[in-house]
Amino acid sequence: MDFNYYIPTRILFGKGSLNDLHKQEMPGKKALIVTTGGTSVKKYGYLEKVQKQLEKAGVSHLLFDKILPNPIKDHVMEGAAVCKENGIDFVVGLGGGSSIDAAKAIAVMAANDGDYWDYVSGGSGKGLPVPNNPLPIIAITTTAGTGTEADPWTVTTKTETNEKIGFGYDKTFPMLAIVDPELMTTVPSRLTAYQGFDALFHSTEGYLNNTAYVMSDMFALKAIELIGKSLHKAVAEGDNMDARADVALANTLAGMVESTSSCTSEHSIAHAISAYHPDFVHGEALIAISKAYYSHFANTNQCEERMVQMAKALGKSDAKTAMDFVDALTELQKICGVDDIKMSSHGMKKEELKKYADNARATMGGLYAGDPVQLSDADVVKILEDSYK
């Protein structure tokens, strides 16, 4: 029962909570708003609402709207240069995990010299200490998938080497997060499912992880329970506020799992896939490998009790074996309409699966240390083979 717990983010949660942004103490007078190159935050008026809230708080702002669904290092460096050139005081990430992740990375480089990969560990990163504190970060999430509003992590791709690697430390926690389920009602049903399963796997991986402890377990099981209860409703009825709120809370709790425990190799493998195939949405890639991945661990008989508890949390109250979790997981994917994902439709070839296993180990091999049973590269290739359609 000895532990070290640190989640410093102030969270405003609930329908309409964006309207309270101006009431919060701002960390400066000039903000960079970071969003994706997509149209949704503009189309649905979310960007305008944030701009008006900042203005009401006496904050001027610039917009950086180039972030890709899988953020790349080039845009991190470009956004940081904008901050330096314009005397930006803090960064606002508006959108899904991509925007908020990129906002964190931009905040780091806005206050530091060199290249972002100088500070990244793994792959070709130099793993150097970050000399200066990042700019303060405000996270305003419009999706429920990554939980990045409640954790310090950011994932970025170095395109020239196909390296998709996570980075973060205590200083990259957002100082403020706004989780307003009203902003999530416009997310299309299939993306709602992809994002919800990402939040689920943050929780299941954190629960199975060797670093799990009483606090992460508490957050993980509640997140799994909320997703099992409401994700299919949010997918089927996008304007169901109760379901959206449940999934939004599950997502934020999953971020807290990431702050207290960690992902396992499942995320390493999925990141390797989307490093080569950026159109393969992260949550989609996780779903694609999940049945084979969790079946592998169920068949080891080394994490039986934990998988039974996950199955019960997901809604299978009579669960008795580890495979009951796999059954509950695949049933939820079927209900949500995402049991038909094909790797081949994204250009993956069965004879090339080893390169994804190699990339996963080389770039984010550190996550393998958290696996409840150690995976060999051959095990990973077998998981990919069993997942291939």
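In the predicted model, a nonpolar patch on the surface is formed by Met1, Phe3, Tyr5 and Val214, which together present about 440 Å² of accessible area. One of these residues, Tyr5, is situated in the segment that precedes strand E1 (10-13). With a relative accessible area of 35%, tyrosine 5 is partly exposed, a value that satisfies the requirement of over 30% relative accessible area for membership of a patch.

The search for enclosed space across the whole structure returned 1 cavity of 30 Å³ or more. The volume of the largest cavity is about 50 Å³, and its lining is made up of Thr143, Ala144, Met184, Thr192, Gln195, Ala234, Arg244 and Val247. Helix H5 (189-208) and helix H7 each contribute at least two residues to this lining. By residue class, the lining of the largest cavity comprises 4 nonpolar, 3 polar and 1 charged residue.

Helix H7, which spans residues 241-260, also contains aspartate 242. Aspartate 242 has a relative accessibility of 60% and is therefore classed as exposed, the threshold for that class being over 50%. Although aspartate 242 and proline 181 are separated by 61 residues in sequence, their C-alpha atoms lie 8.9 Å apart in space.

Among the open sites, the second largest pocket encloses about 250 Å³ of space. Its lining consists of 14 residues, and those that lie nearest the centre of the pocket are Ile287, Ala288, Lys291, Gln333 and Lys389. Two or more lining residues are given by each of helix H9 (282-298), helix H11 (322-335) and helix H13 (377-387), and of the elements that line the second largest pocket, H9 gives the most, with 5 residues. The lining of the second largest pocket divides into 5 nonpolar, 4 polar and 5 charged residues.

Backbone geometry was examined for residues with positive phi. Asparagine 162, which is not a glycine, nevertheless adopts a positive phi of about 50 degrees, and this residue occupies the loop between strand E6 (154-158) and strand E7 (163-167). The relative accessibility of asparagine 162 is 25%, so that this residue counts as partly exposed. A positive phi is likewise found at asparagine 301, a residue other than glycine, where the angle is near 60 degrees. Asparagine 301 is placed in the loop that runs between H9 and helix H10 (304-314); because its relative accessibility is 55%, asparagine 301 counts as exposed.

Attention then turned to charged pairs. Side chains of opposite charge can pair when their charged atoms come close. The structure holds 15 salt bridges, including the three described here. In one of them, the side chains of lysine 52 and glutamate 48 meet with an N to O distance of 3.2 Å. Both lysine 52 and glutamate 48 belong to helix H2 (residues 46-56), where a spacing of 4 residues places them about one turn of the helix apart. Glutamate 48 has a relative accessibility of 44% and so counts as partly exposed.

A second salt bridge joins aspartate 151 to lysine 104, with 3.2 Å between the closest N and O atoms. Since aspartate 151 is located in the loop between strand E5 (137-141) and E6, while lysine 104 is part of helix H4 (residues 97-110), the pair ties together parts of the chain that are 47 residues apart in sequence. Both partners, aspartate 151 and lysine 104, are buried, a class that applies under 20% relative accessible area.

A third salt bridge is formed between aspartate 217 and arginine 306, whose closest N and O atoms are 2.8 Å apart. This pair links distant parts of the chain, with aspartate 217 in helix H6 (residues 214-236) and arginine 306 in helix H10, at a separation of 89 residues. The two partners fall into separate accessibility classes: aspartate 217 has a relative accessible area of 14% and is therefore buried, whereas arginine 306, at 28% relative accessibility, counts as partly exposed.

Methods. Residues numbered from 1 in each chain as written. Predicted model: local features only at pLDDT ≥ 70, side-chain atom pairs only at ≥ 80, totals over all residues. Heavy atoms only, no water. Patch = residues over 30% accessible without salt bridge, like charges linked within 9 Å, V, L, I, M, F, W, Y side chains within 5 Å. Areas by Shrake-Rupley, 256 points an atom, 1.4 Å probe, with all protein chains shown as cover. Salt bridge = Lys/Arg side-chain N within 4 Å of Asp/Glu carboxyl O. Buried < 20%, exposed > 50% of the residue type's maximum accessible area, 1.4 Å probe, protein only. 1 Å grid on protein atoms, 1.4 Å probe; cavity = no way out; pocket = protein on both sides within 12 Å on 5 of 7 lines; lining within 4 Å. Points joined across faces, edges and corners; volume = space filled by probe spheres on them. Nonpolar A, V, L, I, M, F, W, Y, C, P; charged D, E, K, R; others polar.
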